[in-house]
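Please open the structure in a viewer and keep the sequence panel visible. Each stop below names a selection to make and then describes what is found there.

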Amino acid sequence: MKYDPKKLTYGDALRISTANMTVTVNVGGVHVTGKLKHLDMDDALACDDPALRDLMALSLIITDNEYFVVRDDDKGTLCPAIRFDHDLNVTWNTIISIEENPDDGVELDFDDWKATLVKVETPADEDKPTDDTQAEEWEKQLPKANGFYKAATGSVWLHTGDTWTPILDHHGNVPPHALQQTTEAFAVGSGHSKRFPFERLSEKKLPTRPGFYRNKDKTNLYHLNSYGVWKLIAYMGPDFDLQMKDPWDSPLVPVFGGEVVSERRVRNDMPLHYCTLGLKQPKEAVCEANS
């Protein structure tokens, strides 16, 4: 499958990172070629360049962005390739070419592959003819914003740009062949498959009231300041003195933190409960006039 380097979606980047493809990026006038990689913390911390290592690690901690890098296996370096924001829109892209590597395996029949996917999600009556007016009406009913959506049939789809990619079928299983569909084709298919209406699968909303919050099992304590920045104030960790004596019998004790954490990290710890840490509001002073 051919990809336009300047029109990549989040789904495209994920597929390229798992396919037998070579990507070239232009970083400061220097071309670097290698395999596309979805950046995670292990990759960031393994970077040999201290400045780049700290930058990548900090970006993963304090932002909700998704990063892809090109791994130069010959030099063992990582080069920034493409960045997606919270809504999966491209905000930075250095990719200049994407090439498929030759493969000695059996060539797949694309038509048969697509037919297999269609049978998983689509009833037999989808092949019925559809007039232009009906197709336009179905297309108007589709959500416009990028994101993950659950259809009335139970299937889950990723909408990015002008494409729809199946994530889960109506049985909750991962489709065997996650092929993209254009908006026009998806609208017609959704009409025949009775996928309408679609429900956006939004992330859990974080609290906005500044203050201290603990997670449900009382193992982490967070603080949200008036600027919307979250910090992990304290957490339950091992007692290192006791751990040195007996690694198998080391109770958890409160450990003070204070580092800034990403909203993703906090969201994964929900539900959160607002707490006052046992502090009481001081009583108002009662002043009496001297007689």
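The tour below moves through a sheet, a pair of helices, a loop and several charged pairs.

Please bear in mind throughout that this is a predicted model.

**First stop: the sheet**

Begin by selecting the strands β5, β4, β3, β2, β1 and β6, which in this order form an open sheet of 6 strands with antiparallel pairing. Which strands stand at the edges? They are β5 (90-93) and β6 (95-100); each has a single partner strand, so one side of each is left without a neighbour in the sheet. On average, and ignoring direction, neighbouring strands of this sheet are turned by 35° against each other.

Next, colour strand β4 (residues 77-84) together with β5; the two run antiparallel and are joined by 3 bridges. Within this pair, select R83, which stands opposite W92 in β5.

Now add helix α1 (residues 10-18), which packs on the sheet. Helix α1 touches β1 (21-27), β2 (30-38), β3 (66-72), β4 and β6. The direction of α1 makes about 95° with that of β2.

**Second stop: charged pairs in α1 and beside it**

Remain with helix α1 and show the side chains of R15 and D12, which meet in a salt bridge with an N to O distance of 3.5 Å. Being 3 residues apart in helix α1, R15 and D12 are separated by about one helical turn. Is D12 buried or exposed? With a relative accessibility of 6%, D12 counts as buried.

Then select D40 and K37, whose side chains also form a salt bridge, at 3.8 Å from N to O. D40 is partly exposed, its relative accessible area being 32%, and K37 is likewise partly exposed at 26%.

**Third stop: two crossing helices**

Select helix α5 (residues 132-141) and helix α6 (residues 183-193). Their axes come within 8 Å and cross at roughly 95°; the two helices are therefore roughly perpendicular to each other. To see the contact itself, show A135, W138 and E139 in α5, which meet T183, E184, A187, V188, G191 and H192 in α6. The residues of this contact divide into 4 nonpolar, 3 polar and 2 charged.

Centre the view on A187, which lies in helix α6. At 1% relative accessibility, A187 counts as buried. Leaving aside residues up to four places away in sequence, A187 touches A135, W138, E139, L142 and F196. E136 is 51 residues from A187 along the chain, and their C-alpha atoms are separated by 8.2 Å.

Helix α5 also holds a charged pair: E137 forms a salt bridge with K140, and the closest N and O atoms are 4.0 Å apart. The two residues lie 3 residues apart, about one turn of the helix. E137 counts as partly exposed at 39% relative accessibility, whereas K140 counts as exposed at 58%. The structure holds 3 salt bridges.

**Fourth stop: the loop after α6 and a second cis bond**

Select K194, placed in the loop between α6 and β11. Its phi is near 60°, a positive value in a residue other than glycine. At 58% relative accessibility, K194 counts as exposed.

P197 is found in the loop between α6 and β11 (199-200). A cis peptide bond joins F196 and P197, with omega about -5°.

Finally, move to P271, in the loop between α8 (263-267) and β16 (272-275). The peptide bond from M270 to P271 is cis, with omega near 10°.

Methods. Residues are numbered from 1 along each chain as its sequence is written. This is a predicted model: local features need pLDDT of at least 70, side-chain atom pairs count only at pLDDT 80 or more; totals for chains, interfaces and linings use all residues. Side-chain values use heavy atoms; hydrogens and water are left out. Axes are lines fitted to C-alpha atoms, for helices over the stretch in contact, and angles run from 0 to 180 degrees between N-to-C directions. Helices (H or I, at least four residues) and strands (E, at least two) are DSSP runs, numbered from the N terminus. Angles under 35 degrees count as roughly parallel, over 145 as roughly antiparallel, 65 to 115 as roughly perpendicular and the rest as oblique. Contact means heavy atoms within 4.5 Å. Ala, Val, Leu, Ile, Met, Phe, Trp, Tyr, Cys and Pro count as nonpolar, Asp, Glu, Lys and Arg as charged, and the others, Gly among them, as polar. Buried means under 20% relative accessible area, exposed over 50%, partly exposed in between (1.4 Å probe, protein chains only). Two strands pair if DSSP finds at least two bridges between them.
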